Amino acid sequence: MTTPLLEVDNVFKTYALPREKLREPPPKVHALNGVSFTIEPGRSLGIVGESGSGKSTLARLAMALDTPDSGRIRVLGRDLHTLSKEALRLARRDFQMVFQDPYGSLDPRMRIERVVTEPLAAQGGVTRDEMHARAAEVLEAVGLRRNDLGKYPHEFSGGQRQRVAIARALITRPRLIVADEPVSALDVSVQAQVLNLMQDLQANFGITYMLISHDLAVVHHLCEDVAVLWQGRIVEQGPPERLFRAAEHPYTRTLIDAVPEIAPP
Ligand code: ADP
Ligand code: MG
């Protein structure tokens, strides 16, 4: 049996809101209420749900950018929240993230070479020459040119910036990429190009995704499995074709009705 890439086991997460009354405890938001799922190598999982359903919280926890209140998160069998700082830093090689906002997620003062090599530099032990070669390699893998290494983020369109963000995620040769609404901020015509690129990377580099979207049509492209998140819980999970054909939860039906172009007649 292969080790799962990601195991999320009964994860809860609350956020404390600003206190309304001095003598009362601060109100809490229950962002995740007992979420469990597994991502096996080669079986990309789509997470769909409306705004506020807990998708980004789940992404942050899976990337160890935040900690759960309870429950376990394992990447390739390692419990992220019990690793030492040093072990976590090295484990990050295996899982990388792509964020929604192609404008906000790239530091405008850094040249593209520095932007894309950052996760590799954080791993340490790589020479400058090797970093340069790897940067050129990933840039070409996402359909940009090695000449682009010397440019700044503002010289690129939104779609190209998202390609840069994907190149940065690829540079450590990860097994899993967590992408939080990676095409939501892009024009519809550009969305398809970026999704096609992500699909090519699955085949060419053996990447498996946890792909977050509010749009069932987007995950249908890339994912073998879809989990529907609703108020911090997974209410339904299965292959996208099954969900389209026979969704059980009324909320899933609402999502399907939002994409009439691929819903069955
Ligand atoms: P989604 O990505 O599906 O829109 P989020 O994970 O961002 O959902 O948010 C889930 C819930 O948690 C929402 O009610 C949101 O307001 C709340 N939330 C998220 N992050 C924070 C935070 N840092 N502080 C307080 N509340 C938060
Ligand atoms: Mg979000």
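**Note on the predicted model: helix H1, the ligand shell and the surrounding packing**

1. Ala59 lies in helix H1. The coordinates discussed here belong to a predicted model. Ala59 is buried, and its relative accessible area is 0%. Not counting residues up to four places away in sequence, Ala59 touches Met97, Val178, Asp180, Met210 and Ile212. Its C-alpha atom is separated by 17 Å from that of Glu40, with the two residues 19 apart along the chain.

2. The rest of H1 can be read alongside Ala59. Six of the eight residues of the helix are buried, so H1 is largely enclosed by the rest of the structure. The buried residues are Lys55, Thr57, Leu58, Ala59, Leu61 and Ala62. Just after the helix, Ala64 takes a positive phi of about 55 degrees.

3. H1 also takes part in the surroundings of ligand 1. The ligand is surrounded by 13 residues, and the closest are Gly52, Gly54, Lys55, Ser56 and Thr57. At least two residues of this shell come from strand S2 (28–39), and at least two from helix H1 (55–62). H1 gives the most, with four residues.

4. Which atoms of Ser53, Lys55 and Thr57 approach the oxygen atoms of ligand 1? For Ser53, a backbone N or O atom lies 3.2 Å from an oxygen atom of the ligand. For Lys55, an N or O atom in the side chain is 2.8 Å from a ligand oxygen atom. For Thr57, the corresponding side-chain distance to an oxygen atom of ligand 1 is 2.6 Å. Taken alone, ligand 1 exposes 560 Å², of which the protein buries 64%.

5. Helix H5 is the next element to check. H5 has 13 residues and reaches 18 Å from its first C-alpha to its last, close to the 18 Å expected at 1.5 Å a residue. Twelve of the 13 residues are buried, so H5 is largely enclosed by the rest of the structure. The buried set includes the glycines Gly158 and Gly159, and also Arg161, Gln162, Arg163 and Arg168. Val164, Ala165, Ile166, Ala167, Ala169 and Leu170 are buried in H5 as well. The packing partners of these buried residues are strand S6 (95–98), H3, H4, strand S7 (176–180) and helix H6 (188–205).

6. Helix H4 (residues 128–141) has 14 residues and reaches 20 Å from its first C-alpha to its last, close to the 20 Å expected at 1.5 Å a residue. Its buried residues are Met131, Arg134, Ala135, Ala136, Val138 and Leu139. They pack against helix H3 (112–123) and helix H5 (158–170). Just after H4, Gly143 takes a positive phi of about 85 degrees.

7. On the nonpolar interior: the largest core has 50 residues, and Val116, Ile166, Leu170, Met198, Leu211 and Leu216 touch the most other members. Apart from this core lies another, of 29 residues, with Leu32, Ile39, Ala91 and Ala227 among them. Ile166 and Leu170, named for the largest core, are also among the buried residues of H5. Leaving aside neighbours within four places in sequence, Met198 is in contact with Ile166, Ala179, Pro182, Tyr209, Leu211 and Leu222.

8. Is Glu236 buried or exposed? Glu236 is buried, with a relative accessible area of 5%. The residue lies in strand S10 (residues 233–238). Its side chain makes a polar contact with the side chain of Arg242, at 3.4 Å. Leaving aside neighbours within four places in sequence, the contacts of Glu236 include Val226, Ala227, Val228, Leu243 and Ala246. Also in contact with Glu236 are Arg242, Ala247, Glu248, His249 and Thr252. Of these, Ala227 is one of the residues of the 29-residue core.

9. A last polar pair involves Thr14, which is found in strand S1 (residues 6–16). The side chains of Thr14 and Asp69 make a polar contact at 2.7 Å. Not counting residues up to four places away in sequence, Thr14 touches Asp69 and also Lys28, Val29, His30 and Ala31.

Methods:
Residues numbered from 1 in each chain as written. Chains lettered and ligands numbered in written order. Predicted model: local features only at pLDDT ≥ 70, side-chain atom pairs only at ≥ 80, totals over all residues. Heavy atoms only, no water. Expected span 1.5 Å × (residues − 1). Buried < 20%, exposed > 50% of the residue type's maximum accessible area, 1.4 Å probe, protein only. Contact = heavy atoms within 4.5 Å. Core = buried A, V, L, I, M, F, W, Y, C linked by side-chain atoms within 4.5 Å. Polar contact = N/O pair within 3.5 Å; in protein donor to acceptor, adjacent residues only side chain to side chain. Near = heavy atom within 4 Å. Areas by Shrake-Rupley, 256 points an atom, 1.4 Å probe, with all protein chains shown as cover.
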